[in-house]
Amino acid sequence: MSDIPFPGTGEALPLPVPQEQMAGLLGWLSSVDHKRIGIMYLLTGLVFFGAGGIEALLMRIQLARPVSSFLSPQTFDQVFTMHGTTMIFFVAMPVLTGLANYLIPLMIGASDVAFPRLNSLSLWLLICGGLLLYFSFIAGGAPAAGWFNYAPLSEKPYSSTVGVDYYSLGLLIAGIGSVVAAINLIVTIIKYRAPGLTVRRLPLFVWMVLVTQFLIILALPALNASLVMLLIDRRLNAHFFQPVTGGSAILWQHYFWAFGHPEVYIVILPAFGMISEVIPVFSRKPIFGYEYVAASTVAIGVLSFLVWAHHMFAVGLGHSIDTMFAISSLLIAVPTGVKIFNWIATMWNGAIRFTTAMLFATSFLIVFTIGGLSGVSLAVFPVDWQVTDTYYLVAHLHYVLFGGTVFGVFAGIYYWFPKMTGRMLSEKIGKWHFWTMLIGFNMTFFVMHFLGLMGMTRRVYTYPNLPDWGLLNMISTIGAVIMGISSLLFIWNVWVSRRSGELAGDNPWEAWSLEWATTSPPPVHNFDRIPPIRSRRPLYDLEHPDHPDWKNGH
Amino acid sequence: MDTEAQAIAAVRWDNNKLAMLLFLLSEGTFFAFLIIAYVYYHAISNTGVEAAKVLDPLKAGIYTVFLLSSSFTVWFAEKGLRRGNQKAFRSWLLVTLILGAVFLVGQGREYLHLYGEGVTVSGNIFGTSFFTLTGFHGFHVLLGLIALAVIFVLALKGDFLERHSSAVETVALYWHFVDWIWVVIFSVIYLWAVF
Amino acid sequence: MFKNSVFTPASPQALSITHLTWIVGIIAMAILLLIMVLVLYAAFKFRRRPSGFEPRQVFGNSRLEKTWTIGALVVVFFLFIVTLRTMHSSDRTPAPGEKPNLVVIAHQWWWEAQYPQSGVLTANEIHIPIGKPWLVLLKSADVIHDWWVPDLGRKIDAIPGHPNHFWIQADKPGTYLGTCAEYCGAGHAWMRIRVIAQPEAEFKAWEQQQLEIPPKPTSGDAAAGSKLFDHLTCVGCHTVAGTPAKSDIGPDLTHVASRETLAAGRLINTPENLGKWLSDPQEYKPGAHMPNFDFTKEQVQDLVAYLETLK
C-alpha cells in the first residue's frame, strides 16, 4: 500500500454545492453527496437482493421434488414474478447505479456529479418504486404475470388483483429515477473531467457507464410507454393490449423487449467495466486493446437496439423477421465475445495476484462465456424453437446475469470497498464466499441446461415425475441453498470488515486511476489535489517517471 | 474572448441545457412509442374511418397555429433578454403563455366535443390511442406552461437582469420541443385522417 | 433421461433441429474449452513471482485483435448458414390457402382440437396418423399459450388475435408428450399435451369412434349421473354430444372415458382418479376454472359411472 506524494496542479476544483456533511441518519438520508448516495443505492440493492434471494429459495424448495404442494401455483406465480422484477429493477439497477454514482466523479477527478440534488431524487424515486412494488403483497396480491408481464394475461380479466398495477406504478417511478440518474451521469462525464482527461483516456469503467446511460435514456421510454398504456387499459378500460377488442398482444411484446433487450446490456456493460478495471490491476499490466474494448462497447450499445425480437422467435412473426433478428443477434455476439479475448490477453504474461476480486473476475470470464455461448445457440433460432421458454433459457439468463453482472459486481465490491470505507474486506472470508458461490452457482444453474433440453418448461410451479427431473431439480435446489449461505458469508464479511478490517490507505492495490489518488474514504470534496493527467494511468506515470505510459505513446 | 462571448459560450451548452437535451431525447423516444402505437392501430384496424368521421383538422389546425407561434414568441422573448430589453422579454413571455393556454383550451374543447360524440378512451382502439397520445402531449404542454409561468413571475421580480439566463434558455428549449413534436402528432392524427 | 426431449426426434422436422443442436452444441463446447484452457493456463502460469517484478506493459496488438474478430465473424457466419437451412427443413411456410388438417385452440388450461376434414372434436389428447405431415392451425381463446411437443418439432405460441401454423408429423406410432410452454396463469404447469400417432387404419377407427354419439344410460348409477350432469352446472362449461351440454369453457367430454389422462395430463384416467378429481378439482389443479362443487359421495359415484360410459 503506497501513498504517493505528487506534484499536482495544486488547484482545488470548484464545488457544485456547499459541502457540509450532516451527522447521523438524517445526514445520510438527506445527503446530496454522490458518495453517500452511491452507498445508499448499494444498501438498497442489498436489501432487495435479500428479498429476491428468499423468493428464489422459496421457488427452489417448491421445485426440489415433483408434484409438490409446498407453494400453491397462485403463490408460486407471484414469487417468480417478484423474483425477476426485484433482481433486475431493484438489485441490478441500484447496485450498478450506486457504484457508478460513487466512482464516476472520483474517476474523472470531479468533486461530485453535475446535479447533486437530482442525484438524491433518483435514489429516492428508486426506493419508492421498490416499496410500492412490494406493497402489493399486502394490498391484495403481488403481480403474478411474470417479470415481462405479457398481455393479455396482465390485463384485468386475467390478472384481477392490483398486483399488476403496483408493478406498473413501481417500475414507472423507478424508471424515471433511472433516466434522471442517466442524464446526471452523462452531463457529469462530459463536463466535469479534470484537465488532461480526454475522452480517450477515460477509465474503461467510465466508458462502459457512459454508453450504458445512453442506453437507459433510449430504452426506458419504451418501458414507460408500455406501462402507461397498460395502466390505461387496466384502469380506464382501454384497448391497447386486449385482442378481443381490437388491441394487440404482440405489440406489448415488441414494446417490452424494445426496452428489455437494451436493459440486459444496461445491466452487463457496467460489469464489463468493473472487470476491465480489476483484471489489469491484479495482472499488473494495462488493459489489452483499450481502443477495441471501448469501440466494441459502442458497437454493443448500437446493436442492442436491433435484436429485441430474438425474445419472440416462438411468436410466429415469420421467417423473414426471424432471420433479420438472427443476423443482428449473431452479430452482437462478436463485440461481446472478443472482449473475453482482450481480458485474457491482459492476464497473459502478467504477474497475477489472486485476491478475492481477481478470483471473481477470472471466474467471470468462464461463467459469462457459458452464458454467452448458450445465448449464441439461442440466436440460431430453430434451436430456440425447441429450448426457449424452458429451463435452458433460465440457465442462459442466470449465467449471463448472475455469472456476468453479479460476479462482476462482487469483483468490483472487493476492489472498491477499501476506497469507500477505508478498510479491506477480509480475504479469508472472501475466499470462502468465492468458492461457495462458484460451486453453488454452477450446481444451481448448470443442470438447468439439461432440464430444458429434457422438456421442462419455465414458470411451472411443479412438474410430473418424469425420469431424472426430480434428481436434477434437487441438485439445483441444493446449489441454491449453498448460494444462500455464500451470500450470508458476503454480508458477514461486509459487516465484520466495516468495523475491524485492515486499514486500507489511499491505494491498497497499487492501482492507477484517479480514485486511488485520494484518501480512503475520500474527503467530502473528493480531492485536495489532482495529479497531472497525460495518459490513461496517471498514477502509473507518477510511479514510473522514467517510463510513463505517455512516453510509450499511450 | 471578451466577457460577452465568454458568457454566451458558458451558457451555450451548459449543464442545464445539456441535461434538458438528454431529457428531451428520452421524452422524444417516449412519444415515438405512443405515435408508433397510434400508427399501428390506424393501419391494422378501421380507426382511420373513425378518425375521419369525428376529427376536425381545421379547428385543430387553428389551435396548432397558436401553439407553433408560441415557439416563435418565446424566441423573441429570449432575443429581448439578450438585447437587455426587459420589457420585450417579459411581454413576449406573457404572449407565449397566452398562446400556449389557448392551445390547451382548444384541446380541452375538442375533448369535450369528442366525449359528446361518444368517443372515449375506453370506447374503442381509436379512442384509446387518440386520447393517450394527445393527452400525454397536452400534459407536457401544461408542465411547460407552468415552467414558463414560473419564469415569467421571476422575471417580473427582476431575477433575470443579466443578458443570459441558463434557466430561461433551458425552459425555452423544452417549450420548443413540446411545440414541434406536436407537428408530428398533428400530422399523424389529423392530416392522416383526412388524406 | 432424455425421453420426450430435444434429443429424441420422432419427425423429420424435429430431426433437423436435433442435428442443428448437435452442430451448435459442439461448436459451443469447443469454444468454451478453448476459453477455459486459456483462462486456467493464464491463471496458473502467470501468477506473480515472489521477486515482484513488473511484467512488460503491453497495450495491445492490432493484428491479434483483427484475427480473433474475423474468427468470431466466421463462426457466426457459419451458424447463420446452418440456421437458414434448418429453418426451411423444420418449419415449411405453408402455401397461401393451404388448409389445415387440424385446428388446435388453446384455453386456460386445456387444449381443444378440431379435425376439419372428419368433423371430430376432442380435447387434450390429440391423435394423428403416422408418416404424414399435417398442417395445424393454432389459436388461443384467451391468453398466450404455446404448443410444444419436443419429439415432434418446434414450439410455437398460441396468440389471441394472431393465428399461427405449424407442421405435425410422427414417423412411428407412439405417444409423444408435450406441454404448454408460455406462462398462462395458475394452471400453466398442468396444461400438458398428449399426441398419439397411429397407423392409418387405427387412426381412422379412432376418428370413427370419436364421431359416435354415446347413448344415454338408462339404468343404475350411470343414469343417475347422466341426470345430474344435465341438471347441474356441468352443461355451463362442457360439451357432450347428444345432451344439452354445449359449451367450450371447459374440455369436450363426449369421449372422455377413451382418453389416457384427465385434466390435461394431471391424472391418469381411472374411475378412481376421476372420482378424486370431481371431489375437488382444486386439490389437483389449483386455480383451474372448475371450482369445488362440494359434491356428495353419492353424487360423485353417479357422475363417475356416467362419465365412464362416454367412451
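**Exercise 1. Describe how helix α4 and helix α5 of chain B pack against each other.**

Solution. In this predicted model, begin by locating the two elements: helix α4 of chain B covers residues 57-82, and helix α5 of chain B covers residues 86-116. Next, take the geometry of the pair, whose axes lie 8 Å apart and whose packing angle is about 160°. Angles over 145 degrees count as roughly antiparallel, and therefore α4(B) is described as roughly antiparallel to α5(B). The sense of the crossing of α4(B) and α5(B) is left-handed. Finally, sort the residues of this contact by class, which gives 16 nonpolar, eight polar and two charged residues.

**Exercise 2. Place these two helices within chain B as a whole: how many helices and strands does chain B have, and what space does its C-alpha trace span?**

Solution. Counting secondary structure elements gives seven helices and zero strands for chain B, and reading along the sequence gives the pattern α-α-α-α-α-α-α. For the extent of the chain, follow the principal axes, along which the C-alpha trace of chain B spans about 60 × 30 × 25 Å.

**Exercise 3. Determine which part of chain B meets chain A, and what kinds of residue are found there.**

Solution. The first step is to count both sides of the contact, to which chain B contributes 20 residues and chain A contributes 26 residues. The second step is to assign the chain B side to its elements: α2 (15-44) and α6 (125-156) of chain B each supply at least two residues. Of these, α2(B) provides the largest share of the side that touches chain A, namely 13 residues. The third step is to classify the residues on this side of chain B, which divide into twelve nonpolar, eight polar and no charged.

**Exercise 4. Work out how the three chains are arranged: which pair of chains in contact shares the most contacts, and how far apart are the nearest C-alpha atoms of chain B and chain C?**

Solution. There are two pairs of chains in contact, and of these chains A and C share the most contacts. Their contact takes 73 residues from chain A and 70 residues from chain C. On the chain A side, the elements that each supply at least two residues include α3 (73-108), α7 (249-283) and α9 (319-347), and α9(A) gives the most, with 14 residues. By class, the residues of chain A that touch chain C divide into 46 nonpolar, 20 polar and seven charged. Chain B and chain C, by contrast, do not touch, and their nearest C-alpha atoms are 12 Å apart. For the complex as a whole, the predictor gives an ipTM of 0.96 and a pTM of 0.95.

**Exercise 5. Examine the packing of α9(A) with helix α2 of chain C.**

Solution. Start from the axes of α9(A) and helix α2 of chain C, residues 62-90, which come within 9 Å and cross at roughly 155°. It follows that α9(A) and α2(C) are roughly antiparallel to each other, and the crossing in which α9(A) passes α2(C) is right-handed. Then look at the residues that meet, among them Leu330(A), Val334(A) and Phe341(A) from α9(A), and Trp68(C), Leu73(C) and Phe80(C) from α2(C). The contact of these two helices has 16 nonpolar, five polar and no charged residues.

**Exercise 6. Set the overall dimensions of chain A and chain C beside the globule rule.**

Solution. Chain A comes to 15 helices and zero strands. Its radius of gyration is 23 Å, close to the 24 Å that the rule gives for 554 residues, so chain A is as compact as a globular protein of that length. The C-alpha atoms of chain A fill a box of roughly 70 × 50 × 50 Å along the principal axes. Chain C has eight helices and twelve strands, and its radius of gyration is 27 Å, where a compact globule of 311 residues would be near 19 Å. The corresponding box for the C-alpha atoms of chain C is roughly 95 × 50 × 35 Å. The mean pLDDT of chain C is 95, and 100% of its residues reach 70 or more.

**Exercise 7. Find where the cis peptide bonds at Pro152(A) and Pro521(A) are placed.**

Solution. One cis bond joins Ala151(A) and Pro152(A), with omega about -5°, and Pro152(A) has its place in the loop between α4 (116-135) and α5 (163-191) of chain A. Another joins Ser520(A) and Pro521(A), with omega about -5°, and Pro521(A) is in the loop between α14 (469-500) and α15 (538-543) of chain A.

Terms used: Residues are numbered from 1 along each chain as its sequence is written. Chains are lettered from A and ligands numbered from 1 in the order in which they are written. This is a predicted model: local features need pLDDT of at least 70, side-chain atom pairs count only at pLDDT 80 or more; totals for chains, interfaces and linings use all residues. Two residues are in contact if their C-beta atoms, placed from the backbone, lie within 7 Å. Helices (H or I, at least four residues) and strands (E, at least two) are DSSP runs, numbered from the N terminus. Ala, Val, Leu, Ile, Met, Phe, Trp, Tyr, Cys and Pro count as nonpolar, Asp, Glu, Lys and Arg as charged, and the others, Gly among them, as polar. pLDDT is the predictor's confidence in each residue, from 0 to 100. Axes are lines fitted to C-alpha atoms, for helices over the stretch in contact, and angles run from 0 to 180 degrees between N-to-C directions. Angles under 35 degrees count as roughly parallel, over 145 as roughly antiparallel, 65 to 115 as roughly perpendicular and the rest as oblique. A crossing is left-handed if the near helix is turned anticlockwise from the far one by less than a right angle, and right-handed if clockwise. The radius of gyration is taken over C-alpha atoms; the globule rule is 2.2 Å times the number of residues to the power 0.38.
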